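Q: Could you take a close look at one helix in this model and describe how it is packed and what surrounds it? Please be careful about the terms and their cut-offs.

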Amino acid sequence: APGAKTLAPGHLAWLVSARTTEGLAAQAGRLAEWVAARPELDLADVGWSLATSRSVFEHRAVVLGAGRDELVAGLAAVASGQPAPGVVTGAVRAGGGVPRVGFVFSGQGSQRAGMGAGLHAASPVFAAAFDEVCARLEGELGLPVAEVVLGRGRAELADETVFAQAGLFAVQVGLVAVLAACGVRPDAVAGHSVGEVAAAYAAGVLSLGDACRLVAARGRLMQALPGGGAMTAVAAAEAEVAEVLAGVAGVCIAAVNGPGSVVISGDEDPVGRVAGVFRARGRRVRSLRVSHAFHSHRVEPVLGGLGQVAAGLEHRVPGVAWACGLDGELAADPDPGYWVRQAREPVRFADAVARLAAEGVTVFVEVGPDGTLSALGPAARSEEHTSELQSHHD
């Protein structure tokens, strides 16, 4: 809502800058001493003055705190060059200017019980957006989405497909609202698997109501699939994995997350045999904790139903660039059939990240409950572009 506080009670931000690292430390130290000697100062007034009445130089620090002690302690940490909670430091890149920002939305596997609970309690902006999404999803599913996601009851259900996908979408929409309230909006977006629905919403392709209908249908249909199957992450190039998979039935590539990061999916026995080949080659192999073998032939029974739901949704031209997870290309005229292909075919996250970098994105903000994509992003970047991947979660 207009005028709603991002955080309540409001945390304060004090900004300090200087031309050098040493100058930044000295500025922070002097400010800490000055504030400590003047207990009558209004802390919000200090923050306002620091942000609006002082020159801004290349080396910068932001100190966050709910009161005087936290803010002064943060300044002392900057002065001593030590990391501390609530303190962010950095330097403006050569050339300056406002960077192009890309939002990347994580997929199933990044969820956890209680995700978003802390931010829901602290941020009216997040709570309003999250609650609206959960109300819509609960109307579609008839399930207690908010109760499970926030860990208020039946936390063991949080990893079930229907709750995981619904919960991730609710948290991501809430985080988009928080970022927007702070003045951070994307120039481009991408998503990983179900995270693409949130990306499509953030790009203006789907309305909130239609995105909720899609997420609910996707999660409900996939939850109803027979159990079994397996997914395994393999530290190998796509071409090498494809060569091993040739002639092996019941297993396929489910995701290409980087030049040496692939996920395979399918029936348990062939997935295990392929994983054994790479383990024998000394490659890192990790089984994923999943309820179903996503992006494989095992999801095909639900594709017809998913297509029927998608056909009833309105798809708009993207308002910001959306790099699709199927091929990394920018969506120009999205169609309902995309969501059927997207559920079955491999996630090409590496291609999507490379495309965003090619579009001039230099700061990637992961929107989700953890730093899953932040770990993948640097390797997935195009070699011709330098980028920095940051995570935004609660």
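The answer below follows one helix from its own residues to its surroundings, and then turns to the cysteines.

A: This is a predicted model, in which local features need pLDDT of at least 70 and side-chain atom pairs count only at pLDDT 80 or more, whereas totals for chains, interfaces and linings use all residues. Residues are numbered from 1 along each chain as its sequence is written, and side-chain values use heavy atoms, with hydrogens and water left out.

The helix chosen is H8, residues 195-202, where helices (H or I, at least four residues) and strands (E, at least two) are DSSP runs numbered from the N terminus. Six of the eight residues of H8 are buried, which leaves the helix mostly covered; buried means under 20% relative accessible area (1.4 Å probe, protein chains only). These buried residues are Gly195, Glu196 and Val197, together with Ala198, Ala199 and Ala200.

The cover over the buried residues of H8, judged by contact (heavy atoms within 4.5 Å), includes both strands and helices. Among the strands are E4 (100-105), E5 (188-191) and E10 (321-322), while the helices include H7 (161-181), H9 (208-223) and H13 (337-344). Just after H8, the backbone reaches Gly204, which takes a positive phi of about 85°.

Turning to the cysteines, the structure holds zero disulfides, a disulfide being a pair of cysteine sulfur atoms within 2.5 Å. For Cys134, the closest cysteine sulfur is that of Cys212, and because the separation is 8.7 Å the two are too far apart for a bond. Cys134 itself counts as buried, at 2% relative accessibility.

Conventions: Buried < 20%, exposed > 50% of the residue type's maximum accessible area, 1.4 Å probe, protein only.
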